[in-house]
Amino acid sequence: MKGRIVVVKEYGKPFEIEEYDVPEPESGAVILRMTQAGICGSDLHTYRGDQTQQYMPLPNTGRVMGHEGTGVVEILGEGVSSDTLGTPIKEGDRIVYAAVFPCHRCHLCLKGNTNWCANREYPTAGVWPYFTGTYADFLYLPPRHPFFRVPDELPDEILGPVNCAMGTVTTGLQRASLSEGDYVVIQGAGGLGLHATAMAKEMGASKVIVLDRLENRLQLAEEFGADDTINIEEFNTAETRIRRVWELTDGRGADVVMELVGRAELLAEGIDMLSNGGSFIEIGDIVRGREVSIDPSKLLSGKNILGSRMYKPSLLPTLLDYLVRNQHKLPFEKLVSHKYPLADVNEAFAHSEWAQTQTAVTRAMLVP
Ligand SMILES: [Zn+2]
Ligand SMILES: [Zn+2]
């Protein structure tokens with residue numbers, strides 16, 4: 001049996017689709033048949049050519065693409081009959097897996113901080129077991145990799161972002177120690193920002209303010225519980241946006257500002273939106289080599305700058321449970337706005353691009 005997988009060979013060039021034999025699973029491994037894989041902002045950076053050889057060199061064979069998504073069990077390796085929590089599984093069962101593939105051998109992994117693994121690398125194309133990215137027909141889960149059977153009551157349509165956007169923003173809000181009554185500012189209303197809006201309200205934020213340049217996304221943010229939105233086409237300077245946040249927070253400033261866009265200058269802007277003691281959470285700036293200058297004296301009043309990346313696998317069952325409880329209260333089914341066949345991956349990325357253009361795409365899914 002063969003399967004396809006999407007590979008980036010050269011930054012800024014169209015992706016290529018390669019074919020490999022589906023491997024025999026090791027004892028304890030699981031092979032999923034992918035049912036959907038989301039186009040994440042981080043993948044768009046690669047497509048756009050923001051990533052460079054200088055800061056993130058590509059191997060000669062290229063790198064496989066895609067990290068989030070869901071699948072069904074295709075082949076169970078020897079000895080596997082249940083998911084990580086002990087729920088029995090069989091071929092065809094729907095699975096959400098941890099999208100972090102850590103080394104398990106560094107001091108951070110030993111501490112349980114697998115999302116900060118010191119040896120984290122993007123998977124190289126053409127190396128066994130080949131199916132190490134999610135823009136593919138299959139995904140190989142190595143022995144003991146955390147994965148969870150999806151509760152039957154959850155529809156496929158809302159599962160795609162669970163193991164990336166949803167896990168990532170929830171972890172970021174936890175790192176900010178978001179508490180009851182807090183005011184939260186969210187920079188960017190894409191897949192991350194809309195989930196962040198929902199989770200901030202779930203965690204007790206009394207006011208959530210969302211910024212974006214796309215009106216359709218801001219409207220969706222309101223449906224997910226945003227109390228106020230700021231369209232940056234209207235408030236088109238940092239000064240006007242900062243002033244607007246202070247107005248909307250009754251002169252208090254924000255307790256938490258979360259950067260989910262991937263523009264370095266939003267750090268400086270976000271610090272000025274914070275009240276004393278507030279926390280700025282950096283998540284979107286995954287492209288290396290970008291710089292911003294800030295005035296460190298602004299931190300003396302207790303402001304925090306925290307980075308956050310992905311999540312620990314223990315969060316995934318909690319998120320599935322959250323979706324079971326809230327799937328009919330919030331429009332999760334609207335988050336994935338477009339679906340494309342895997343073969344049309346380059347077209348899907350072109351349509352998802354929001355950096356310079358308006359796009360109707362909130363989150364696009366590739367469906368093998
Ligand atoms: Zn992602
Ligand atoms: Zn590690």
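In strand 10, both faces are covered, with Lys207, Ile209 and Leu211 buried on one side and Val208, Val210 and Asp212 buried on the other, where a residue is called buried if 20 or more other C-beta atoms, placed from the backbone, lie within 10 Å of its own. In a regular strand the side chains alternate between the two faces of the sheet. The model is a predicted one, in which local features need pLDDT of at least 70 and side-chain atom pairs count only at pLDDT 80 or more, whereas totals for chains, interfaces and linings use all residues. Residues are numbered from 1 along each chain as its sequence is written, and chains are lettered from A and ligands numbered from 1 in the order in which they are written.

Strand 10 belongs to an open sheet of six strands with parallel pairing, arranged in the order 11-10-9-12-13-14; strands (E, at least two residues) and helices (H or I, at least four) are DSSP runs numbered from the N terminus, and two strands pair if DSSP finds at least two bridges between them. Strand 11 (228–231) and strand 14 (304–307) each have a single partner strand and stand at the edges, so one side of each lacks a neighbour in the sheet. On average, neighbouring strands of this sheet are turned by 15 degrees against each other, direction ignored, the axes being lines fitted to C-alpha atoms, for helices over the stretch in contact, with angles running from 0 to 180 degrees between N-to-C directions. Helix 5 (residues 215–223) packs on the sheet, where it touches strand 10 (207–212) and strand 11, and its direction makes about 170 degrees with that of strand 11; contact requires that the C-beta atoms of two residues, placed from the backbone, lie within 7 Å.

Strand 10 is joined in parallel to strand 9 (residues 183–187) over five bridges, with Val208 as the bridge partner of Val184, and to strand 11 over four bridges, with Val210 opposite Thr229. A right-handed β-α-β unit is made by strand 10, helix 5 and strand 11, the path from the first strand over the helix to the second running clockwise with the strands pointing away from the viewer.

An automatic or database assignment divides the protein into domain 1 (2–160 + 336–367) and domain 2 (165–307). Contacts link 15 residues of domain 1 with 13 residues of domain 2, and helix 1 supplies the largest share of the domain 1 side, three residues. The buried residues of helix 1 (residues 41–48) are Gly41, Ser42, Asp43, Thr46 and Tyr47.

Terms used: Buried ≥ 20, exposed ≤ 12 C-beta atoms within 10 Å, placed from the backbone.
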